[in-house]
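Ready for a few short exercises? Have the coordinates open in your favourite viewer and try each task before reading its solution.

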Amino acid sequence: MGDKYIPEEFKSGDFIIVAPNYRLSPEVKNPAYTEDAAEAVAWVCKHIDQYGGNKDKIYVCGHSAGGYLTLMIALDKSYLAAHNEDVDQVKAWFPISGQTVTHYTIRKERGLSMKIPLIDTYAPLNHTRKATPHIGLITADKRYEQPGRYEENALLKAVLNDVGNQDVTLYELQGFNHGNIVSPAAFTIMDFINGSYSGK
């Protein structure tokens with residue numbers, strides 16, 4: 001809906017946070033919002049050193065629609081390649097409750113059912129590949145998530161594993177729903193980041 005904020009949990013860490021926005025449907029149509037998100041990631045790759053950051057330790061996450069965008073940029077290399085950046089230079093990707101099929105906003109723009117899954121070129125599932133940085137798929141409790149959201153993420157993990165990609169983890173955060181998952185997800189992400197800093 002256009003409201004972006006930095007979770008309080010991330011503010012407690014020793015991080016540089018970049019919280020960009022992107023143009024929204026219906027003012028723009030697919031793939032404009034994915035291109036916007038990719039441009040933001042490319043900007044960080046090009047400029048984070050100027051702000052005291054380390055371009056070798058960039059982590060990308062997004063929740064819900066942002067989770068979908070995170071997955072599209074992580075798996076379809078063409079979005080960052082358009083900005084002369086290699087998607088695999090990102091240290092890790094953390095989509096939170098992201099759709100792995102074609103996003104329902106895209107289906108709505110086409111006049112298709114928002115309930116019937118579609119897997120086309122705008123589905124992260126359609127771009128699974130063997131070699132990626134770590135992908136941490138985070139969903140809420142399957143009992144309280146959006147319908148089929150946990151199962152979509154489980155399918156993506158299975159397909160990634162099947163093509164030989166073992167650097168993927170699926171976290172189902174018990175007791176949380178689609179709306180209140182961001183805080184516990186932030187701790188999950190920080191645990192990974194802190195572990196990777198220490199060489200774990």
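Three exercises with worked solutions follow.

This is a predicted model, in which local features need pLDDT of at least 70, side-chain atom pairs count only at pLDDT 80 or more, and totals for chains, interfaces and linings use all residues. Residues are numbered from 1 along each chain as its sequence is written, and side-chain values use heavy atoms, with hydrogens and water left out.

**Exercise 1. Helix H2**

Task: find how far H2 reaches from its first C-alpha to its last, and which elements its buried residues pack against.

Solution:
- Step 1. Helices (H or I, at least four residues) and strands (E, at least two) are DSSP runs, numbered from the N terminus.
- Step 2. H2 has 16 residues and spans 22 Å, close to the 22 Å expected at 1.5 Å a residue; the expected value is 1.5 Å times one less than the number of residues.
- Step 3. Buried means under 20% relative accessible area, exposed over 50%, and partly exposed in between (1.4 Å probe, protein chains only). Among the buried residues of H2 are Tyr33, Asp36, Val41 and Cys45.
- Step 4. Those buried residues pack against strand S1 (59-63), helix H3 (65-75), helix H4 (78-81), strand S2 (92-96) and helix H5 (104-109).

**Exercise 2. The largest core**

Task: work out how many residues the largest nonpolar core has, and which element gives the largest share.

Solution:
- Step 1. A nonpolar core is a set of buried Ala, Val, Leu, Ile, Met, Phe, Trp, Tyr and Cys residues joined through side-chain atoms within 4.5 Å.
- Step 2. The largest such core has 33 residues, and Val41, Trp93 and Ile135 are among those with the most contacts inside it.
- Step 3. H2, H3, H4, strand S3 (134-140) and helix H6 (149-162) each give two or more residues to this core.
- Step 4. H2 supplies the largest share, 8 residues.

**Exercise 3. Two salt bridges**

Task: for the pairs Glu85 and Lys46, and Arg143 and Asp141, decide which partners are buried, exposed or partly exposed.

Solution:
- Step 1. A salt bridge is a side-chain nitrogen of Lys or Arg within 4 Å of a carboxyl oxygen of Asp or Glu; the structure holds 9.
- Step 2. Glu85 and Lys46 meet at 2.9 Å, N to O. Their link joins the loop between H4 and S2 to helix H2, 39 residues apart.
- Step 3. Glu85 is buried because its relative accessible area is 15%, whereas Lys46, at 42%, counts as partly exposed.
- Step 4. Arg143 and Asp141 meet at 2.6 Å, N to O. Arg143 counts as exposed at 57%, while Asp141 is buried at 0%.

Methods. Contact means heavy atoms within 4.5 Å.
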